[in-house]
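Trainee: Please take one part of this model and go through it closely. I would like a connected account.

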Amino acid sequence: NGATGSPGAGVSNGSPSAYSLGIASGFAVLTGGAITPGASEFILSGNTGETTLSSPSNLSFGSGHDAGGSTASVAAANSLYNQLIALTASQTIVATDFIDPTAGLGAGRYVPGVYHFSNAITGSADETITLIGDGDYVFNVVGAVTTGANFKMILSHGAHSSRVFFTSGGAFTFGANNVVFGNFLTQFAFADTGAGTSIQGRLLSTLVAGITIGASNTIELPN
């Protein structure tokens, strides 16, 4: 076991991020609990890891699966989680949705920066957010994050998925057929990643909560 991968895995093609996962960077899916997949998931790149002793079925693994030996990598991910939530926000947003007109440039458009959402996030179906420009994006949400069906993220003008970070003070729940980019970190669970979701990034549950992956997901490391 010890499938930490290369610390350089998933490195941005742009300027380097100020935030590092260290030995956890080689994981596409990592949890201090257990991974529960649905049917026909595909890990296109990156390792999967959990601190329980199990080997989930229905999951096409990437570089390798670490069952029971991921404690140090989970701790590294939790360290980054704590670093991110301690950041001073460049904008504090009183909103219940990433599409709120007070967010970033408005109407779901964001430039690099640290955004603090003072409420839980619950999205509606068919929403799109756009990240504009090379740099680090940090979205700290005090409560749970839930996206609607067909939620989509667009990276433009040099934005890179490896430099996008979402933290949640509750569970992450993705709707069906989402297209998402970035590193998603929580000390709680990933309740469901939604059927048919495409993830270029990492799912990181940094304590004992688990990760439930929806049917027919594709997951690959960010770039």
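Mentor: What follows is a close look at threonine 193, then at asparagine 140 and helix H1. Bear in mind that the model is predicted.

Start with threonine 193. It sits in the loop between strand S18 (190-192) and S19. Its relative accessible area is 0%, so threonine 193 is buried. Its side chain has two polar partners to look at. One is the backbone nitrogen of glycine 214, reached at 2.8 Å. Another is the side chain of asparagine 217, a polar contact at 2.4 Å. Beyond four places in sequence, threonine 193 also touches other residues, including Phe174, Gly175, Ile199, Leu203, Thr212 and Ile213.

Now follow S19 (198-205) to helix H1: S19 is among the elements that cover the buried residues of H1. So are strand S1 (27-31), S12, strand S15 (164-168) and strand S17 (179-186). H1 itself runs over residues 71-85 and has 15 residues. From first C-alpha to last it reaches 21 Å, close to the 21 Å expected. Its buried residues are Ser73, Val74, Ala76, Ala77, Asn78, Leu80, Tyr81 and Leu84.

S12 brings us to asparagine 140, which lies in that strand (residues 137-141). Asparagine 140 counts as buried because its relative accessibility is 5%, under the 20% cut-off. Setting aside neighbours within four places, its contacts include Leu84 and Ile85. Leu84 is one of the buried residues of H1. Asparagine 140 also contacts Val114, Tyr115, His116, Phe117 and Thr167. Finally, leucine 185 is 45 residues from asparagine 140 in sequence, with the two C-alpha atoms 9.7 Å apart.

Conventions:
Residues numbered from 1 in each chain as written. Predicted model: local features only at pLDDT ≥ 70, side-chain atom pairs only at ≥ 80, totals over all residues. Heavy atoms only, no water. Helix = DSSP H or I, 4+ residues; strand = E, 2+ residues; numbered from the N terminus. Buried < 20%, exposed > 50% of the residue type's maximum accessible area, 1.4 Å probe, protein only. Contact = heavy atoms within 4.5 Å. Expected span 1.5 Å × (residues − 1). Polar contact = N/O pair within 3.5 Å; in protein donor to acceptor, adjacent residues only side chain to side chain.
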